[in-house]
Amino acid sequence: MLTSVDTELIRVLADPLRLQIVTLLAKETLCTTHLAEETGARQTNLSNHLKVLREAGVVETEPCGRYTYYRLRPDVIEQLAGQFADLAETARASAEADVKRSCP
């Protein structure tokens, strides 16, 4: 049973704009122009956030002429969800077994 969660990925997804971007990309592949329209964020700000998401492996790019399209990598989200599911399973087993550290 895995009992730790990818804290770097949590940090990346904890930003509200990045989480909004990920949510939008879950529905369809978009370019920065589309993302700017949907989020109201400035293109330079979006580019910085997309870079963080790309470096974390959350999104992948697809060049298309002068535009770059972004696509969510669902396997990364599934892996994180699996880590949380494992954490919940560990907590459930611990509660059922009444695992408790005694105080000194």
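Helix axes are lines fitted to C-alpha atoms over the stretch in contact, and the angle between two of them runs from 0 to 180 degrees between N-to-C directions. In this predicted model, the axes of helix α2 (residues 16–27) and helix α3 (residues 32–39) come within 11 Å of each other and cross at roughly 115°. The crossing of α2 past α3 is right-handed. On the α2 side, the contact is made by L17, Q20, I21, L24 and L25, and on the α3 side by L35, E38 and T39. By type, the residues of this contact comprise five nonpolar, two polar and one charged.

One of the contributors from α3 is T39, and its surroundings can be followed further. T39 is buried, because its relative accessibility is 18% and the limit for a buried residue is under 20%. Two backbone atoms lie close to its side chain in the computed distances. A polar atom of the T39 side chain is 2.7 Å from the backbone oxygen of L35, and the side chain of T39 also reaches the backbone nitrogen of A41, at 3.1 Å. When neighbours within four places in sequence are left aside, T39 is in contact with L17, Q20, L24 and L46. Of these, L17, Q20 and L24 belong to the α2 side of the helix contact described above.

The next topic is charge pairing. Side chains of opposite charge can pair when their charged atoms come close. The structure holds five salt bridges. One of them joins K51 to E55, with the closest N and O atoms 3.9 Å apart; the cut-off for a salt bridge is 4 Å. Both residues lie in helix α4 (residues 43–55), and because they are four residues apart there, about one helical turn separates them. K51 counts as partly exposed, at 41% relative accessibility, whereas E55 counts as exposed, at 61%.

A second pair is formed by E62 and R71, whose closest N and O atoms are 2.4 Å apart. Both ends are partly exposed: E62 has a relative accessible area of 34%, and R71 has a relative accessibility of 31%. This pair does not stand alone, since E60, E62 and R71 are linked in a network of salt bridges. The side chains of R73 and D75 also meet in a salt bridge, with an N to O distance of 2.9 Å. R73 is partly exposed at 27% relative accessible area, and D75 is likewise partly exposed, at 38% relative accessibility.

R73 leads on to a glycine. Among residues more than four places away in sequence, G57 touches R73 and V76. G57 is found in the loop between α4 and β2 (59–64). Where does G57 fall, buried or exposed? G57 counts as buried, because its relative accessibility is 14% and the limit for a buried residue is under 20%. The R73 that touches G57 is the residue whose side chain pairs with D75, so the loop glycine contacts a partly exposed arginine. For a wider view of the fold, G57 can be set against G82: the two are 25 residues apart in sequence, and their C-alpha atoms are 17 Å apart in space.

Technical notes: Residues are numbered from 1 along each chain as its sequence is written. This is a predicted model: local features need pLDDT of at least 70, side-chain atom pairs count only at pLDDT 80 or more; totals for chains, interfaces and linings use all residues. Side-chain values use heavy atoms; hydrogens and water are left out. Helices (H or I, at least four residues) and strands (E, at least two) are DSSP runs, numbered from the N terminus. A crossing is left-handed if the near helix is turned anticlockwise from the far one by less than a right angle, and right-handed if clockwise. Contact means heavy atoms within 4.5 Å. Ala, Val, Leu, Ile, Met, Phe, Trp, Tyr, Cys and Pro count as nonpolar, Asp, Glu, Lys and Arg as charged, and the others, Gly among them, as polar. Buried means under 20% relative accessible area, exposed over 50%, partly exposed in between (1.4 Å probe, protein chains only). A polar contact is a pair of N or O atoms within 3.5 Å; within protein, one must be able to donate a hydrogen and the other to accept it, and residues adjacent in sequence count only if both atoms are side-chain atoms.
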